[in-house]
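Please read the points below with the structure open beside you, and go back to the picture after each one. They are meant for someone meeting a structure of this kind early in their studies.

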Amino acid sequence: MPIPECREGLRFWYNSRMDMIETLGGAGIIPVIVIENEADAVPLARALVDGGLPVLEVTFRTKAAAAAIAAIRREVPEAVVGAGTVLTLGQLHAAQSAGAVFGVAPGFDPLIVEAAKDVGFQFCPGVATASELSQALSSGCKMVKFFPAEAAGGVKMIKNLLGAFRFTGIKFMPTGGVNLSNVADYLAVPEIACCGGTWIVPRDALAAGDWASIKKLAAEASALVRGLRSER
Ligand code: 3PG
């Protein structure tokens, strides 16, 4: 089900459970957000949505994460907000309670994956090797974050993994070292549903409240995704 554009449609869509792969895949690029100041959450989410990137990963690397997710859910219904860097059961619970509709982690922790499954929270763990991918598949995962993408071998590594794992139907979200200069190489691989990255929300622009620059970076990224997809 594609992301609806009107508020009523969004409410229905959230309640009827979005499909993580379809939704993140539809966006193509997911801004990975590190937010220190809860008050920045709403204007930041608006800038990203206005720039054409409505699916957001707010990382649990700061104390403000849960409150930022809750504020975005409350005030920016056009955004689809997930939690990133979910490393503990406490963070998993906090993410879901705050209203995150999906979760992402940099690594594969079977305890977290099982707990997410138990509470019906759509979750995308991280992998960087064939063994971790194997474990993620055994745990029922359909999409994995490939992290840290560039350092772990980039597109070449994913293509090599696909040589053995393509038949499983697994989808990847490479993150880590992905940016505007290399994201097209990743998105050209059909099994790569989307890419994540912090480049759309630079630390200094966020600290300065420079929403116009962030909106411009989001618009640039979303135009690239649209361009690539119209070529297919
Ligand atoms: C992540 O957690 O997904 C990465 O830190 C993002 O990496 P990047 O800063 O290279 O985009």
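The numbered points that follow begin with the whole chain and then turn to single strands and one helix.

1. Before anything else, please keep in mind that this is a predicted model, and that every value in this note is computed from it.

2. Taking the chain as a whole, its secondary structure comes to 11 helices and 9 strands. The radius of gyration is 16 Å, close to the 17 Å that the globule rule gives for 232 residues, so the chain is as compact as a globular protein of that length. Along the principal axes, the C-alpha atoms fill a box of roughly 45 × 40 × 35 Å.

3. How much of the chain is buried? Buried residues make up 51% of the 232 residues. If one takes the contacts with a separation of 6 or more, 62% of them are between residues 24 or more positions apart.

4. Turning to the surface, the accessible area of the chain comes to about 10,200 Å², and carbon and sulfur atoms hold 55% of that area. As for charge, the chain has 21 positive and 22 negative charges, and the mean positions of these two groups are 2 Å apart.

5. Strand E3, which covers residues 80-84, is a good place to look at burial in detail, with 5 of its 5 residues buried. Val80, Gly82 and Gly84 point one way from the strand, while Val81 and Ala83 point the other way, and all are buried. Strand E3 is also joined to strand E2 (residues 55-59) by 5 bridges, and the two run parallel; within this pairing, Val80 of E3 is the bridge partner of Val55.

6. A separate element to trace is an open sheet of 3 strands, in the order E6-E7-E8 and with parallel pairing. Its edge strands are E6 (126-127) and E8 (171-174), each of which pairs on one side only. Strand E7, made of residues 143-146, is joined to E8 by 4 bridges, and these two run parallel. Across this pairing, Met143 stands opposite Lys171 in E8.

7. Finally, is Ala212 buried or exposed? This residue lies in helix H11, which spans residues 211-231. Its relative accessibility is 57%, and because the cut-off for exposed is over 50%, Ala212 counts as exposed. Ala212 can also be set against Val144: the two are 68 residues apart in sequence and, from C-alpha to C-alpha, 32 Å apart in space.

Terms used. Residues numbered from 1 in each chain as written. Predicted model: local features only at pLDDT ≥ 70, side-chain atom pairs only at ≥ 80, totals over all residues. Heavy atoms only, no water. Pairing = 2+ DSSP bridges. Rg over C-alpha atoms; globule rule 2.2 N^0.38 Å. Buried < 20%, exposed > 50% of the residue type's maximum accessible area, 1.4 Å probe, protein only. Contact = heavy atoms within 4.5 Å. Areas by Shrake-Rupley, 256 points an atom, 1.4 Å probe, with all protein chains shown as cover. Lys, Arg positive; Asp, Glu negative; His and termini not counted. Charge placed at Lys NZ, Arg CZ, Asp CG, Glu CD.
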